[in-house]
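Me: I would like a close look at a single part of this protein. Please take it step by step and keep the sentences short.

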Amino acid sequence: MTIRVATYNVHGMRDDVPALVRVIRATRPDILCVQEVPRRWSWRRKRARLAAETGMIVAAGRRRGGTAVLTGPDVRVLRAETHLLRFYFFLERRATAIAVVESGGLRVAVASVHLDLHVAARARHAEEAVTLLEAAAEPYGAALVLAGDINEQAHQDTFRHLAGRLADCYARAPRGEGMTFSARRPAKRIDAVFAGPGLSIVSCGGVDADPADLAAASDHLPVVAELRAS
(Lines give C-alpha, C1' and ligand atoms only; values in the text may rest on other atoms or scores of the structure.)
Protein backbone atom coordinates (compact mmCIF):
# COMPACT_ATOMS: atom_id res chain seq x y z
CA MET A 1 0.00 0.00 0.00
CA THR A 2 1.17 3.53 -0.82
CA ILE A 3 0.60 6.44 1.56
CA ARG A 4 0.76 10.07 0.46
CA VAL A 5 2.46 12.46 2.89
CA ALA A 6 2.48 16.13 1.96
CA THR A 7 3.83 19.33 3.46
CA TYR A 8 2.53 22.82 2.83
CA ASN A 9 3.26 26.23 4.34
CA VAL A 10 -0.17 27.85 4.05
CA HIS A 11 0.96 31.42 4.86
CA GLY A 12 -1.51 31.89 7.70
CA MET A 13 -4.42 31.32 5.29
CA ARG A 14 -4.02 34.99 4.41
CA ASP A 15 -4.13 34.45 0.65
CA ASP A 16 -6.81 32.91 -1.59
CA VAL A 17 -8.42 30.29 0.66
CA PRO A 18 -10.63 28.69 -2.05
CA ALA A 19 -7.48 28.28 -4.18
CA LEU A 20 -5.70 26.77 -1.16
CA VAL A 21 -8.51 24.26 -0.71
CA ARG A 22 -8.35 23.31 -4.40
CA VAL A 23 -4.57 22.80 -4.22
CA ILE A 24 -4.85 20.55 -1.17
CA ARG A 25 -7.59 18.53 -2.84
CA ALA A 26 -5.38 18.15 -5.92
CA THR A 27 -2.56 16.96 -3.65
CA ARG A 28 -4.76 14.08 -2.39
CA PRO A 29 -2.82 13.65 0.85
CA ASP A 30 -3.46 10.91 3.36
CA ILE A 31 -1.38 12.98 5.79
CA LEU A 32 -0.75 16.71 5.45
CA CYS A 33 1.86 18.56 7.50
CA VAL A 34 1.02 22.24 7.54
CA GLN A 35 3.00 25.26 8.66
CA GLU A 36 1.87 28.82 9.38
CA VAL A 37 -1.63 27.66 10.19
CA PRO A 38 -3.68 30.42 11.89
CA ARG A 39 -2.88 30.88 15.56
CA ARG A 40 -4.56 34.12 16.52
CA TRP A 41 -8.17 35.23 16.00
CA SER A 42 -10.56 32.28 15.47
CA TRP A 43 -7.61 29.95 14.96
CA ARG A 44 -9.54 26.78 15.86
CA ARG A 45 -12.37 27.64 13.50
CA LYS A 46 -10.02 28.45 10.63
CA ARG A 47 -8.04 25.22 11.03
CA ALA A 48 -11.23 23.19 11.32
CA ARG A 49 -12.60 24.88 8.21
CA LEU A 50 -9.50 24.04 6.20
CA ALA A 51 -9.65 20.42 7.33
CA ALA A 52 -13.37 20.07 6.68
CA GLU A 53 -13.22 21.63 3.22
CA THR A 54 -10.40 19.29 2.20
CA GLY A 55 -12.00 16.14 3.65
CA MET A 56 -9.54 15.84 6.54
CA ILE A 57 -9.37 16.29 10.31
CA VAL A 58 -6.89 18.15 12.50
CA ALA A 59 -5.00 15.27 14.10
CA ALA A 60 -2.34 17.29 15.94
CA GLY A 61 -1.45 20.91 16.48
CA ARG A 62 -2.03 23.44 19.22
CA ARG A 63 -2.12 27.20 19.00
CA ARG A 64 1.54 27.99 19.61
CA GLY A 65 4.13 27.32 16.96
CA GLY A 66 1.83 27.35 13.94
CA THR A 67 2.29 23.72 12.89
CA ALA A 68 -0.30 20.97 12.54
CA VAL A 69 -0.89 17.52 11.08
CA LEU A 70 -4.09 16.81 9.15
CA THR A 71 -5.22 13.31 8.27
CA GLY A 72 -7.61 11.82 5.75
CA PRO A 73 -10.58 9.48 6.31
CA ASP A 74 -8.59 6.27 5.79
CA VAL A 75 -6.03 7.17 8.45
CA ARG A 76 -6.43 6.18 12.11
CA VAL A 77 -4.76 8.45 14.65
CA LEU A 78 -3.04 6.50 17.43
CA ARG A 79 -1.33 9.39 19.21
CA ALA A 80 -1.13 13.16 18.85
CA GLU A 81 1.09 15.69 20.58
CA THR A 82 2.57 19.13 20.17
CA HIS A 83 5.87 20.29 21.64
CA LEU A 84 7.27 23.76 21.98
CA LEU A 85 10.91 23.82 20.94
CA ARG A 86 13.73 25.67 22.68
CA PHE A 87 12.98 29.32 23.31
CA TYR A 88 15.27 31.96 21.80
CA PHE A 89 14.95 35.60 22.78
CA PHE A 90 13.76 37.86 19.95
CA LEU A 91 12.89 34.89 17.71
CA GLU A 92 9.49 33.46 16.82
CA ARG A 93 8.38 30.61 19.09
CA ARG A 94 8.66 27.31 17.26
CA ALA A 95 6.87 23.99 17.80
CA THR A 96 6.46 20.59 16.23
CA ALA A 97 3.13 18.81 15.83
CA ILE A 98 3.42 15.02 15.85
CA ALA A 99 0.85 12.36 14.97
CA VAL A 100 1.35 8.60 15.09
CA VAL A 101 -1.05 7.09 12.58
CA GLU A 102 -1.98 3.82 10.91
CA SER A 103 -3.26 3.26 7.39
CA GLY A 104 -3.56 -0.07 5.62
CA GLY A 105 -1.43 -1.77 8.26
CA LEU A 106 1.39 0.77 7.90
CA ARG A 107 2.25 2.75 11.03
CA VAL A 108 4.08 6.05 10.69
CA ALA A 109 4.96 8.82 13.11
CA VAL A 110 4.80 12.16 11.33
CA ALA A 111 6.19 15.49 12.52
CA SER A 112 5.38 18.88 11.01
CA VAL A 113 8.11 21.48 11.48
CA HIS A 114 8.75 25.09 10.54
CA LEU A 115 12.39 25.85 11.22
CA ASP A 116 13.76 29.30 11.95
CA LEU A 117 15.63 31.71 9.73
CA HIS A 118 18.29 31.96 12.46
CA VAL A 119 21.04 29.39 11.82
CA ALA A 120 21.66 28.24 15.42
CA ALA A 121 17.95 28.02 16.26
CA ARG A 122 17.26 26.13 13.05
CA ALA A 123 19.91 23.52 13.83
CA ARG A 124 18.83 23.08 17.46
CA HIS A 125 15.13 22.80 16.62
CA ALA A 126 15.77 20.24 13.88
CA GLU A 127 17.64 18.03 16.33
CA GLU A 128 14.91 18.43 18.96
CA ALA A 129 12.17 17.59 16.47
CA VAL A 130 13.83 14.35 15.37
CA THR A 131 14.39 13.29 18.99
CA LEU A 132 10.74 13.98 19.88
CA LEU A 133 9.57 12.14 16.76
CA GLU A 134 11.65 9.08 17.64
CA ALA A 135 10.22 9.05 21.17
CA ALA A 136 6.64 9.23 19.88
CA ALA A 137 7.22 6.48 17.32
CA GLU A 138 9.02 3.97 19.53
CA PRO A 139 6.05 2.54 21.52
CA TYR A 140 4.16 1.87 18.28
CA GLY A 141 6.99 0.52 16.16
CA ALA A 142 6.17 3.28 13.68
CA ALA A 143 8.37 4.45 10.83
CA LEU A 144 9.50 8.09 10.93
CA VAL A 145 8.45 10.92 8.63
CA LEU A 146 9.46 14.54 9.18
CA ALA A 147 8.11 17.19 6.85
CA GLY A 148 7.96 20.93 6.71
CA ASP A 149 9.42 24.29 5.86
CA ILE A 150 13.14 23.84 6.52
CA ASN A 151 14.01 27.45 5.60
CA GLU A 152 17.22 26.12 4.14
CA GLN A 153 18.37 24.47 0.92
CA ALA A 154 19.75 20.97 0.48
CA HIS A 155 23.42 22.02 0.47
CA GLN A 156 23.17 23.79 3.84
CA ASP A 157 24.06 22.32 7.21
CA THR A 158 20.70 21.69 8.89
CA PHE A 159 19.13 20.26 5.74
CA ARG A 160 22.17 18.02 5.31
CA HIS A 161 21.95 16.93 8.95
CA LEU A 162 18.30 15.93 8.53
CA ALA A 163 19.15 14.09 5.31
CA GLY A 164 21.82 12.20 7.26
CA ARG A 165 19.30 11.09 9.89
CA LEU A 166 16.41 10.45 7.49
CA ALA A 167 16.16 10.10 3.71
CA ASP A 168 15.46 13.26 1.72
CA CYS A 169 12.54 11.93 -0.31
CA TYR A 170 12.97 14.28 -3.26
CA ALA A 171 16.68 13.46 -3.58
CA ARG A 172 15.88 9.74 -3.58
CA ALA A 173 12.92 9.70 -5.97
CA PRO A 174 12.47 13.13 -7.58
CA ARG A 175 9.40 14.10 -9.56
CA GLY A 176 9.48 17.48 -11.28
CA GLU A 177 11.85 20.36 -10.67
CA GLY A 178 11.35 20.36 -6.91
CA MET A 179 11.49 24.10 -6.21
CA THR A 180 9.06 25.29 -3.53
CA PHE A 181 9.71 28.99 -2.92
CA SER A 182 8.44 31.37 -3.92
CA ALA A 183 5.16 30.08 -5.30
CA ARG A 184 5.08 32.70 -8.04
CA ARG A 185 8.75 32.34 -8.99
CA PRO A 186 10.02 29.02 -7.62
CA ALA A 187 13.80 29.18 -7.26
CA LYS A 188 14.61 27.39 -3.97
CA ARG A 189 13.79 23.98 -2.48
CA ILE A 190 13.25 24.82 1.17
CA ASP A 191 10.24 22.56 1.89
CA ALA A 192 10.84 18.83 2.17
CA VAL A 193 9.67 15.41 3.30
CA PHE A 194 12.15 13.10 5.05
CA ALA A 195 11.49 9.38 5.64
CA GLY A 196 13.13 6.91 8.00
CA PRO A 197 14.02 3.22 7.77
CA GLY A 198 11.18 0.88 6.96
CA LEU A 199 9.80 3.12 4.25
CA SER A 200 10.39 2.92 0.50
CA ILE A 201 10.13 6.20 -1.40
CA VAL A 202 8.09 5.81 -4.57
CA SER A 203 8.20 9.45 -5.66
CA CYS A 204 8.44 12.96 -4.27
CA GLY A 205 7.79 16.35 -5.80
CA GLY A 206 5.26 18.99 -6.63
CA VAL A 207 1.54 18.80 -7.13
CA ASP A 208 -0.44 18.60 -10.37
CA ALA A 209 -2.70 21.57 -9.61
CA ASP A 210 -3.82 24.63 -11.55
CA PRO A 211 -0.78 26.96 -11.75
CA ALA A 212 -3.02 29.94 -11.03
CA ASP A 213 -4.23 28.29 -7.83
CA LEU A 214 -0.69 27.41 -6.78
CA ALA A 215 0.38 31.03 -7.19
CA ALA A 216 -2.68 32.39 -5.39
CA ALA A 217 -2.96 29.95 -2.48
CA SER A 218 0.29 30.65 -0.58
CA ASP A 219 3.82 31.97 -0.95
CA HIS A 220 5.12 28.37 -0.83
CA LEU A 221 4.40 25.36 -3.04
CA PRO A 222 3.37 22.01 -1.54
CA VAL A 223 5.46 18.85 -1.67
CA VAL A 224 4.01 15.33 -1.66
CA ALA A 225 5.84 12.05 -1.14
CA GLU A 226 4.44 8.63 -1.98
CA LEU A 227 5.73 6.10 0.55
CA ARG A 228 5.25 2.42 1.17
CA ALA A 229 6.58 -0.17 3.58
CA SER A 230 9.94 -1.49 2.49
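Me: Which strands does α2 lie across, and at about what angle to β3 does it run?

Reply: This is a predicted model. Helix α2 lies across β3 and β4. Its direction makes an angle of about 120° with that of β3.

Start with the helix itself. Helix α2 spans residues 43-53. Four of its residues are listed as buried: Trp43, Arg47, Leu50 and Ala51. Where do they sit around the axis? They cover an arc of only 95°, and that puts them on the same side of α2. There is a general reason for such a pattern. An α-helix has 3.6 residues a turn, so residues three or four places apart point the same way. Now turn the helix round. Arg45 and Ala52 are on the other side of α2, and they are exposed.

Next, ask what does the covering. The buried residues of α2 are covered by parts that include α1, β3 and β4. Strand β3 is residues 57-60, and β4 is residues 67-71. So the two strands that α2 lies across are also among the parts that cover its buried residues. Just after the helix comes glycine 55. Glycine 55 has a positive phi of about 75°.

Now look at the two strands beneath the question. β3 and β4 pair in the antiparallel sense. Three bridges join them. One place to find on the model is alanine 60, whose bridge partner in β4 is valine 69. In general, strands of a sheet pair through backbone hydrogen bonds, either parallel or antiparallel.

Step back to the whole sheet. β3 and β4 belong to an open sheet of seven strands. The order is β3-β4-β2-β1-β13-β12-β10, and the pairing is mixed. β3 is an edge strand, and so is β10, residues 174-175. Each of these two pairs on one side only.

Follow the order inward from β4, and you reach β2 and then β1. β1 covers residues 2-9, and seven of its eight residues are buried. β1 has β2 on one side and β13 on the other in the sheet order. With β13, residues 223-229, the pairing is antiparallel and has six bridges. Here threonine 2 has arginine 228 of β13 as its bridge partner. With β2, residues 31-35, β1 runs parallel, and five bridges join the two. Alanine 6 stands opposite leucine 32 in β2. The chain gets from β1 to β2 by way of helix α1, residues 17-27. This β-α-β crossover is right-handed.

Helix α1 deserves a look beside α2. α1 lies across β1, β2 and β13. Its direction is at about 155° to β1. α2, in turn, lies across β3 and β4. And α1 is one of the parts that cover the buried residues of α2.

For contrast, try helices joined by charged side chains. The structure holds 14 salt bridges. Arginine 124 forms one of these with glutamate 128, with the closest N and O atoms 3.8 Å apart. Both lie in helix α3, residues 119-137. They are four residues apart, and that separates them by about one helical turn. Arginine 124 is partly exposed, at 36% relative accessibility.

Glutamate 127 makes a salt bridge with arginine 165, at 2.9 Å from N to O. Glutamate 127 is in α3 and arginine 165 is in α4, residues 157-165, so this pair ties together parts that are 38 residues apart in sequence. Glutamate 127 is partly exposed at 30%. Arginine 165 is partly exposed as well, at 31%.

One more pair is worth finding. Aspartate 168 and arginine 189 meet in a salt bridge at 2.8 Å, N to O. Aspartate 168 sits in strand β9, while arginine 189 sits in the loop between β10 and β11. Both are buried: aspartate 168 has a relative accessible area of 6%, and arginine 189 has 13%.

Finally, return to the helix in the question. α2 has its buried residues on the same side. α1, β3 and β4 are among the parts that cover them.

Methods
Residues are numbered from 1 along each chain as its sequence is written. This is a predicted model: local features need pLDDT of at least 70, side-chain atom pairs count only at pLDDT 80 or more; totals for chains, interfaces and linings use all residues. Side-chain values use heavy atoms; hydrogens and water are left out. Buried means under 20% relative accessible area, exposed over 50%, partly exposed in between (1.4 Å probe, protein chains only). Two strands pair if DSSP finds at least two bridges between them. A crossover is right-handed if, with the strands pointing away from the viewer, the path from the first strand over the helix to the second runs clockwise. The arc is that of the directions from the helix axis to the C-beta atoms. Contact means heavy atoms within 4.5 Å. Axes are lines fitted to C-alpha atoms, for helices over the stretch in contact, and angles run from 0 to 180 degrees between N-to-C directions. A salt bridge is a side-chain nitrogen of Lys or Arg within 4 Å of a carboxyl oxygen of Asp or Glu.
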